[in-house]
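Please open the model in your viewer and keep the selection panel at hand. The tour goes from one selection to the next, with a short account of what is found at each stop.

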There are 2 protein chains.
Amino acid sequence: MFSKACEYGIKATIYIAVKSMRQERVSLKEIAEEVNSPVAFTAKILQSLAKSGIIDSHKGPTGGFQIDESKIDTIKLHDIVHAIDGDKIFVGCGLGLEQCDASQPCPVHEKFVGIRDNLKIMLQNTSLYELATGLDIGLTHLKR
Amino acid sequence: MFSKACEYGIKATIYIAVKSMRQERVSLKEIAEEVNSPVAFTAKILQSLAKSGIIDSHKGPTGGFQIDESKIDTIKLHDIVHAIDGDKIFVGCGLGLEQCDASQPCPVHEKFVGIRDNLKIMLQNTSLYELATGLDIGLTHLKR
DNA sequence: TTTATTTAGGATAAATTTGTCCGAAATAAG
DNA sequence: CTTATTTCGGACAAATTTATCCTAAATAAA
């Protein structure tokens, strides 16, 4: 459904949020370990999340990544997915037809519109806060 | 959403169905042209669809691909997707967690289950007949 | 200021997906 | 039987995604 990079990115962001809610900064190394992702690859993903303004990064000793606590509630799953995978999941025809739209629909057009609208709405309605607290409560875990 | 191979496969199958309903066999070349897909790559995909029993293939002059007319109604979009992409779209955690299931759900588990169930149901309820007649009526087109 | 630590970012490599090439096998028709 | 046509299938190539390596830049602390 999502790219590997996006999966790592979501998990990493959730973990950073959990730590940020405890006023802790986390290092790349710690994140990669927790999320079970390759360190250097994770670095690239965090870099792009930082450029998108979703997470903050700080260099140097005691450096690492964190998220402004006031943002944790407003950041949505959709923002993370969009920052990494762009809008390719939401846009275009389910069959890859370029000329397919509401006026010249392919045979499955309406069916895909429904599914994708649901997905989009779900992602837009799911806040990072929700994800982070769901995890914090101990019901869930990010490894493997 | 689907792999390129799967997109080509769906479009090719729809086209073969349309022709089969007119008692016509179609060649690889004609299919690739209609579907706007690379010929040799399309050959591989059709090969696997033939092995899955979704389409029939015949070698030699006047050879080509066709679908048993009695099957056109029972073949579902899900069958085509499954033959090419397997079940990776439907199975597993939205975040790629291996230990995520109903008993140990990740923060987005239930949300993804809903979306994916919808997708699966839609694919299982969409028949090739429906796709082929929708196209035949001229409302739609497969190229580009 | 020096050193140690941590992210940034470019270059490169491995893996996967997508796409190509070509000869073999089947088969219809002359 | 021979030939032309068409799919089959293996090997190879290109493109994309995933992953690694290494140096630079920032920065906290001694």
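Before the first selection, one idea is needed: copies are superposed by least squares on the C-alpha atoms of residues with pLDDT of at least 70 in both. Two copies of a chain are related by a rotation about an axis and a shift along it. Please also keep in mind that this is a predicted model.

**Stop 1: the rotation axis**

Select chain A and chain B together, and consider how one can be placed on the other: a turn of 180° with a shift of 0.0 Å along the axis lays chain B on chain A with an RMSD of 0.0 Å. That is the relation of a two-fold axis. Which residue of chain B comes closest to the rotation axis? Select B:Met1, whose C-alpha lies at 3.2 Å from that axis, closest among the residues of chain B.

**Stop 2: chain A alone**

Now hide everything except chain A, which has six helices and two strands. If you follow the chain along its sequence, you meet these elements in the pattern α-α-α-β-β-α-α-α. Taken along the principal axes, the C-alpha atoms of chain A fill a box of roughly 55 × 30 × 30 Å.

**Stop 3: where the chains touch**

Bring chain B back and select the residues where the two chains meet: 29 residues of chain B are in contact with 29 residues of chain A. On the side of chain B that touches chain A, two or more residues come from each of helix 1 (4–20), helix 5 (109–125) and helix 6 (128–136) of chain B. Helix 5 of chain B gives the largest share of this side, namely five residues. When the residues on this side of chain B are coloured by class, 16 are nonpolar, eight are polar and five are charged. The same surface serves both copies, as 100% of the contact residues of chain B recur in chain A.

**Stop 4: DNA strand D**

Show DNA strand D and select the 24 residues that surround it, the closest being A:Lys4, A:Pro38, A:Ala40, A:Gly60 and B:Ser57. Which element gives the most to the surface near DNA strand D? Helix 3 of chain B does, with four residues. By class, the residues of this surface near DNA strand D divide into 11 nonpolar, nine polar and four charged.

**Stop 5: DNA strand C**

Turn next to DNA strand C, where A:Ser57, B:Lys4, B:Pro38, B:Ala40 and B:Gly60 come nearest of the 24 residues around the strand. Here the largest share of the surface, four residues, comes from helix 3 of chain A. The residues of the surface near DNA strand C divide into 11 nonpolar, nine polar and four charged.

**Stop 6: two packed helices in chain B**

Finally, select helix 1 and helix 4 (residues 77–85) of chain B, whose axes come within 9 Å and cross at roughly 140°. That makes helix 1 of chain B oblique to helix 4 of chain B, and the crossing between them is right-handed. To see the contact itself, show B:Ala5, B:Cys6, B:Gly9, B:Ile10 and B:Thr13 on helix 1 of chain B, together with B:Leu77, B:Ile80, B:Val81, B:Ile84 and B:Asp85 on helix 4 of chain B. By class, this contact has seven nonpolar, two polar and one charged residues.

Key
Residues numbered from 1 in each chain as written. Chains lettered and ligands numbered in written order. Predicted model: local features only at pLDDT ≥ 70, side-chain atom pairs only at ≥ 80, totals over all residues. Contact = placed C-beta atoms within 7 Å. Nonpolar A, V, L, I, M, F, W, Y, C, P; charged D, E, K, R; others polar. Near = placed C-beta within 6 Å. Axes fitted to C-alpha atoms, helices over the stretch in contact; angles between N-to-C directions. Parallel < 35°, antiparallel > 145°, perpendicular 65-115°, else oblique. Left-handed = near helix turned anticlockwise from the far one by under 90°.
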